[in-house]
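Q: I've got this model open on my screen and I'd like a close look at one part of it. Could you walk me through the barrel and the helices packed around it?

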Amino acid sequence: MERWEGVFSILMTAYTKSGDIDEEAMRSSINFVIENGVHGVVALGSVGENPYLSHEEKRKVIDIVVDETNGRVPVVVGTGEFSTDMTIEMSRYAEDAGADALMICLPIYWKIREEDIIAHYSAVANAVDKPIILYNFPSTTHLDMTPELIAKLAEIEGVIGIKESIKDINHMRAVIESTDENFSVFAGVSRLLLDVLEIGGAGCFTPDANIFPRVVVGIYSAYKQGDIEKARALQNELNDLTSLIGLGGPAFIAAIKELMNVIGIPIESTVKSPLPSLTSEQKAMIRKHAERKGLTRQL
């Protein structure tokens, strides 16, 4: 299988003011990122509030994303659950719905052993035909998959890559060096996109592409074209722009949605309880600073 590469936008899950899935907003956001050059989209990632949605809501999100994307770019669906059986159930639904790949994080609750992790991913891989992208996110799973463990998991048939939501570039370099050349290592932190590309990585999975798709895609494209100076300038620009998200503090998921609204996507900043919401003061501050940085309506 050819290596997966590029910038994949981790889609936000949109809600109406009453708390239902906002299909119109989701479809608008999907079209915006695709029209601005992303190489793929990710439904039900962490910032897509995966752990907080009911299974019925997850199925609805999957159906909307697959339908609206309509084969224009690959669709990756986060299908990790608390147990292997539940993960298989959601993975099969995503596969049947038309997803192109599955992104699976470690179960979050009790700490599990290396042999349990290998058994978990092996069971899911045996139950589905779609490729699997591992998801290393130790700040939520409380277990950092070592390069040695990832290399073992990469030998499972169907496992094609990993999203690394860490800041340790040496860890990612070790993964790249210990896996096959077709194994895709994606940065989960957009600030590291260029660094990861320079050590042989495949690209990034990021929610930042919901707001600044041309900048994120521009980094990847410039690097691939050999224009490192342009790629570095765009990376610096992206790092500056993403400071806007930080204005939301713990409510960073709501802040991403608010910034999407600033550029014209009809999305509420509503998030699932108990996730923190933005205060009216934070909303005003985000909009003020977005205007100062030249972030304007794009739709």
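A: Let's start where the barrel closes. Strand β1, residues 6–10, is joined to strand β8, residues 203–206, by four bridges, and the two run parallel. If you want a spot to zoom in on, S9 stands opposite T206 in β8. Keep in mind that what you're looking at is a predicted model.

Now step back to the whole ring. Eight strands close into a barrel, going β1-β2-β3-β4-β5-β6-β7-β8, with parallel pairing. On average, neighbouring strands in this sheet are turned by 25° against each other, ignoring direction. As a bit of background, strands in a sheet pair through backbone hydrogen bonds, and they can do so parallel or antiparallel.

Back at the closure, there's a helix to look at too. Helix α9, residues 213–224, lies across β1 and β8, and its direction is at about 160° to β1. Follow α9 to its helix neighbour: its axis and that of helix α10 (residues 228–241) come within 8 Å and cross at roughly 160°. The pair is therefore roughly antiparallel, and the crossing of α9 and α10 is left-handed. On the α9 side, the contact is made by V215, V216, G218, I219, A222 and Y223, while α10 brings I228, K230, A231, L234, Q235, E237, L238 and L241. Sorted by class, the contact of α9 with α10 has 10 nonpolar residues, two polar and two charged.

Next, try another pair of helices. Helix α2 (residues 55–69) and helix α3 (residues 84–97) have axes that come within 9 Å and cross at roughly 25°. With a crossing under 35 degrees counting as roughly parallel, that makes α2 roughly parallel to α3. Their crossing is right-handed. In the contact, H55, K58, R59, I62, D63 and V66 of α2 meet M86, M90, Y93, A94 and A97 of α3. Those contact residues divide into seven nonpolar, one polar and three charged.

Helix α3 has a second partner to look at. The axes of α3 and helix α4 (residues 114–127) come within 10 Å, crossing at roughly 30°. That makes α3 roughly parallel to α4, and α3 passes α4 in a right-handed crossing. Here T84, T87, I88, S91 and R92 from α3 meet H120, A123, V124 and A127 from α4. By class, the contact of α3 with α4 has four nonpolar, four polar and one charged residue.

While you're in there, two backbone details are worth a click. L44 sits in the loop between β2 (40–43) and α2, and its phi is near 60°, a positive value in a residue other than glycine. The other one is P274, in the loop between α12 (252–262) and α13 (280–292). The peptide bond leading from S273 into P274 is cis, with omega near 10°. For context, most residues other than glycine have a negative phi, and most peptide bonds are trans.

Finally, zoom all the way out. The protein chain holds 13 helices along with eight strands, and its C-alpha trace spans about 50 × 45 × 35 Å along the principal axes. A compact globule of 299 residues would have a radius of gyration near 19 Å, and the protein chain has 18 Å, so the two agree.

Note on methods: Residues numbered from 1 in each chain as written. Predicted model: local features only at pLDDT ≥ 70, side-chain atom pairs only at ≥ 80, totals over all residues. Heavy atoms only, no water. Pairing = 2+ DSSP bridges. Axes fitted to C-alpha atoms, helices over the stretch in contact; angles between N-to-C directions. Contact = heavy atoms within 4.5 Å. Parallel < 35°, antiparallel > 145°, perpendicular 65-115°, else oblique. Left-handed = near helix turned anticlockwise from the far one by under 90°. Nonpolar A, V, L, I, M, F, W, Y, C, P; charged D, E, K, R; others polar. Rg over C-alpha atoms; globule rule 2.2 N^0.38 Å.
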